[in-house]
Amino acid sequence: MSDQAYEELRSRILSGALPSGKRLLPEELAISLAISQTPIKEALLRLEADGLVVSAMRKGAVVRQFTFADVEELYEGRMLIELNAVGRLFELHAVSTDLLGELSRCLETHEFYARRGSLDDITTALVHDRKFHSALMAAAGNRLICEWHQRILGQTHTVFVYLAGDYSRSADEHHDILDALKVGSPDQTREALRRHLLRSRDNALENVSRSKLSETKEP
């Protein structure tokens, strides 16, 4: 039951159904999920470990609100992990036909939804965006680093869902990464990935700043 509660609440957070800053009261969630409060509390602890939920003083658990500094840290982590993984891919000769096919399929679906523009479509596109980056990491062969990477991806996903950033160029940047892999150039692949992550970071930071400015103007 704890696993089911965790998966359902995580899905609601990543889809935006539970928005940033939302209080997560075990008694209300237990009614919503038709289970007892104990597995809810266990699930909330796991979500806190994932960086998707925080425990606020006197308010209990709330869906995390990401700050400017949070976004900078997340993307610094992604840069270190993913650029290192590209190097390992080529060292291990892991850029296989199967990997390129998997990346192409992820990108095709990602691109279809990314260009549609609704929040539901962007949420679906982000799922396949994560699959693209996760496939690269998995091919590099370090399971521990993959686990760290999954937690970071979940957090960067929620930044886009809650702040509705410009996502239109993401698929084109993934094409650049895939093309570089097909050419077989480690340097070109790293550079394409670096540009993608930097633009994604700057976009997220801009939207965090815009969100904070909007909050200060509210009466």
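**Close-up 1. Packing of α4 against α6 in the predicted model.** Helices α4 and α6 lie with their axes 8 Å apart and pack at an angle of about 55°. The two helices are therefore oblique to each other, since this class takes in angles that are neither under 35 degrees, nor 65 to 115, nor over 145. α4 passes α6 in a left-handed crossing. On the α4 side the contact consists of Arg-78, Ile-81, Glu-82, Ala-85, Arg-88 and Leu-89. These residues meet His-133, Leu-136, Met-137, Ala-139 and Ala-140 of α6. Sorted by class, the contact of α4 with α6 has seven nonpolar, one polar and three charged residues.

**Close-up 2. The second largest cavity and its lining.** Two cavities of 30 Å³ or more are present in the structure. The second largest has a volume of about 40 Å³. Its lining is made up of Glu-82, Ala-85, Val-86, Leu-89, Leu-136, Met-137 and Leu-193. Helix α4, which spans residues 68-91, and helix α6 each supply at least two residues of this lining. The largest share, four residues, comes from α4. By class, the lining has six nonpolar residues, no polar residues and one charged residue. Glu-82, Ala-85 and Leu-89 of α4 appear in this lining and also take part in the contact with α6. Leu-136 and Met-137 likewise line the cavity and belong to the α6 side of the α4 contact.

**Close-up 3. Packing of α6 against α8.** Helix α6 covers residues 119-140 and helix α8 covers residues 170-183. Their axes come within 11 Å and cross at roughly 25°. With an angle under 35 degrees, α6 and α8 are therefore roughly parallel to each other. α6 passes α8 in a left-handed crossing. From α6, the contact is made by Asp-129, Phe-132, His-133 and Leu-136. From α8, Ser-170, His-174, Ile-177 and Leu-181 take part. The contact of α6 with α8 has four nonpolar, three polar and one charged residues. His-133 and Leu-136 of α6 contact α8 and also meet α4.

**Close-up 4. Packing of α5 against α8.** Helix α5 runs over residues 97-114, and its axis comes within 10 Å of that of α8. The axes cross at roughly 165°. This angle is over 145 degrees, and α5 and α8 are therefore roughly antiparallel to each other. The crossing of α5 and α8 is left-handed. Leu-100, Leu-103, Ser-104, Leu-107, His-110 and Glu-111 form the α5 side of the contact. The α8 side consists of Ser-170, Ala-171, Asp-172, His-174, His-175, Leu-178, Leu-181 and Lys-182. The residues of the contact of α5 with α8 divide into six nonpolar, five polar and three charged. Ser-170, His-174 and Leu-181 of α8 contact α5 and are also in the contact with α6.

Methods:
Residues numbered from 1 in each chain as written. Predicted model: local features only at pLDDT ≥ 70, side-chain atom pairs only at ≥ 80, totals over all residues. Heavy atoms only, no water. Axes fitted to C-alpha atoms, helices over the stretch in contact; angles between N-to-C directions. Left-handed = near helix turned anticlockwise from the far one by under 90°. Contact = heavy atoms within 4.5 Å. Nonpolar A, V, L, I, M, F, W, Y, C, P; charged D, E, K, R; others polar. 1 Å grid on protein atoms, 1.4 Å probe; cavity = no way out; pocket = protein on both sides within 12 Å on 5 of 7 lines; lining within 4 Å. Points joined across faces, edges and corners; volume = space filled by probe spheres on them.
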